[in-house]
Amino acid sequence: MVWKPHVTVAAIIERDHRFLLVEEETEYGLAFNQPAGHLDPGESLIDAVQREVSEETAWQFTPEYLTSIQLWRKNTESPSFLRVCFVGTCHNHQPEQALDDGIIATHWLTREEILSKKSQLRSPLVLTTIDQYLAGERYPLALLKTFLDLE
């Protein structure tokens, strides 16, 4: 058996010292997360994060830079995730758009409000990446190269 981590993307979106999070149903109950999801076949990482933000929040997302690439596993019995975290801005909200399955609502929360929900966060990476962003960790999107369907 070949070991393969799940490749996911996430978006940090800040406006007026508040961060856009989604409240979603999980197998463990309701959780708060950045707009995030899995990379689809044939998709670039940038396309994936733009799609996930749109599907989960009804906002269009423009990535500006990376803040972190993380390899995370909850415990030895859990799957591993390779998570690429983008920072950017959102625009062109479509409030009439239906949100992705399992998304209950979107929230603009301060870091302190997110900290108060620590036990309800989808993973510790939510707060970790916000703190990395607030500490000024920024890496250019030019680090990402997509080479799909090349011969």
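**Notes on the model: salt bridges, pocket, core and cysteines**

1. Let's start with a pairing worth finding on screen: Glu-24 and Arg-122 meet through their side chains in a salt bridge, 2.8 Å from N to O. Glu-24 sits in strand 2, while Arg-122 is in the loop between helix 2 (111-116) and helix 3 (125-134), so this pair ties together parts that are 98 residues apart in sequence. Bear in mind that this is a predicted model.

2. How do the two ends of that bridge compare, buried or partly exposed? Glu-24 is buried, as its relative accessible area is 7%. Arg-122 counts as partly exposed, at 45% relative accessibility. As general background, side chains of opposite charge can pair when their charged atoms come close.

3. The structure has 7 salt bridges. Another one joins Arg-51 to Glu-43, and here the closest N and O atoms are 2.7 Å apart. Glu-43 is buried, with a relative accessible area of 14%.

4. Next, Arg-111 and Asp-131: their side chains form a salt bridge at 2.6 Å, N to O. This pair also links distant parts of the chain, with Arg-111 in helix 2 and Asp-131 in helix 3, 20 residues apart. Arg-111 is partly exposed at 23% relative accessibility, and Asp-131 is partly exposed too, at 30%.

5. Which residues do salt bridges with shared partners join into one network? They are Asp-40, Glu-43, Arg-51, Glu-52 and Glu-55. Glu-43 and Arg-51 are the pair with the 2.7 Å contact from point 3.

6. Now the largest pocket, which has a volume of about 850 Å³. It is lined by 34 residues, and the closest to its centre are Thr-26, Trp-72, Phe-81, Arg-122 and Ser-123. Arg-122 is the salt-bridge partner of Glu-24, so if you click through the pocket you will come across that pair again.

7. What is the lining made of? By class it has 12 nonpolar, 11 polar and 11 charged residues. Strand 1 (6-15), strand 2 (18-26), strand 3 (29-33), strand 4 (36-38), helix 1 (45-57) and strand 6 (80-91) each supply at least two of the lining residues. Strand 3 makes the largest contribution, with 4 residues.

8. On to the largest nonpolar core, which has 16 residues; those touching the most other members are Ile-12, Phe-19, Leu-21, Ile-114, Leu-121 and Tyr-133. Strand 1, strand 2, strand 6 and helix 3 each give two or more residues to this core. Helix 3 gives the most, with 4 residues. Helix 3 is also where Asp-131, the partner of Arg-111, sits.

9. Last, the cysteines. How many disulfides are there? The count comes to 0. Cys-85 is in no disulfide, and the nearest cysteine sulfur to its own, that of Cys-90, is 14 Å away. From the other side, the sulfur of Cys-90 has that of Cys-85 as its closest cysteine sulfur, and 14 Å is too far for a bond; the cut-off is 2.5 Å. Cys-85 is buried, with a relative accessible area of 0%, and Cys-90 is buried as well, at 8%.

How values were computed. Residues are numbered from 1 along each chain as its sequence is written. This is a predicted model: local features need pLDDT of at least 70, side-chain atom pairs count only at pLDDT 80 or more; totals for chains, interfaces and linings use all residues. Side-chain values use heavy atoms; hydrogens and water are left out. On a 1 Å grid over the protein atoms alone, a cavity is a set of points where a 1.4 Å probe fits but cannot get out, and a pocket is an open set with protein on both sides within 12 Å along at least five of seven lines; lining residues have an atom within 4 Å of a point. Grid points are joined across faces, edges and corners, and a volume is the space filled by probe spheres set on the points. Ala, Val, Leu, Ile, Met, Phe, Trp, Tyr, Cys and Pro count as nonpolar, Asp, Glu, Lys and Arg as charged, and the others, Gly among them, as polar. A salt bridge is a side-chain nitrogen of Lys or Arg within 4 Å of a carboxyl oxygen of Asp or Glu. Buried means under 20% relative accessible area, exposed over 50%, partly exposed in between (1.4 Å probe, protein chains only). A nonpolar core is a set of buried Ala, Val, Leu, Ile, Met, Phe, Trp, Tyr and Cys residues joined through side-chain atoms within 4.5 Å.
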